Amino acid sequence: MIKHEGKLNGDGLKMAVVVSRFNGFVTEKLLSGALDGLLRHGVADDNIDVYYCPGAFEIPALVNKLVDAKKHDAVICLGAVIRGETPHFDYVAGESAKGIGQLSIRASMPVIYGVLTTDTVDQAVDRSGGKSGNKGFDAAMTAIEMVNLVKKL
Ligand code: INI
């Protein structure tokens with residue numbers, strides 16, 4: 001048996017982070033977590049590009065351009081859709097997840113889903129540096145692991 005897995009070593013990797021401004025009090029925390037994870041695992045500051053978009057709905061369109069540009073090894077998507085905030089929750093959360101999911105399959109590089117979809121503000125706060133960790137940091141770890149794994153295929 002041969003086991004294949006990606007190491008958590010970001011040396012030399014070029015990363016794009018797409019972050020939505022809606023619910024910025026949460027998404028800025030996700031961004032901090034993602035940058036902390038990337039930098040602490042060897043990704044150089046100069047090799048990280050951060051792209052802001054208005055809301056989670058816009059993330060897939062931006063990622064679509066980024067994967068075609070082929071300037072990065074992975075794209076990390078960060079956003080926060082909170083049910084209490086809008087009757088459009090299902091549409092925004094659903095379209096964002098569907099678009100990112102489709103891109104993650106078609107893209108030649110890993111596309112990582114770090115969009116929170118929660119029922120309450122408290123749940124979003126818990127997952128962006130609160131008691132449930134930071135999903136931005138987790139997304140950064142997933143990105144590094146997947147890049148290193150895909151390189152082996
Ligand atoms: N965008 C989010 O990222 N999170 C939300 O919770 C949200 N709510 O509540 O509506 C939201 N809406 C904006 C949406 O993403 C688009 O920016 C907007 O519809 C314009 O296309």
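The following exchange concerns the sheet and helix packing of a predicted model.

Q: What should be known about the model and its numbering?
A: This is a predicted model, in which local features need pLDDT of at least 70, side-chain atom pairs count only at pLDDT 80 or more, and totals for chains, interfaces and linings use all residues. Residues are numbered from 1 along each chain as its sequence is written, and side-chain values use heavy atoms, with hydrogens and water left out.

Q: In what order do the four strands of the open sheet stand?

A: The order is β2-β1-β3-β4, with parallel pairing; strands are DSSP runs of E with at least two residues, helices runs of H or I with at least four, numbered from the N terminus, and two strands pair if DSSP finds at least two bridges between them.

Q: Which strands stand at the edges?
A: β2 (48–53) and β4 do, each with a single partner strand, so one side of each has no neighbour in the sheet.

Q: Is β4 largely enclosed or open, and why?
A: Strand β4 (residues 111–118) is largely enclosed by the rest of the structure, because six of its eight residues are buried (under 20% relative accessible area, 1.4 Å probe, protein chains only).

Q: How many bridges join β3 and β4?
A: Strand β3 (residues 74–82) pairs with β4 over eight bridges in the parallel sense. Cys77 stands opposite Tyr113 in β4.

Q: Turning to the helices, at what angle do α2 and α3 pack?
A: Helix α2 (residues 59–69) and helix α3 (residues 89–106) pack at about 15°, their axes 9 Å apart.

Notes. Axes are lines fitted to C-alpha atoms, for helices over the stretch in contact, and angles run from 0 to 180 degrees between N-to-C directions. Buried means under 20% relative accessible area, exposed over 50%, partly exposed in between (1.4 Å probe, protein chains only).
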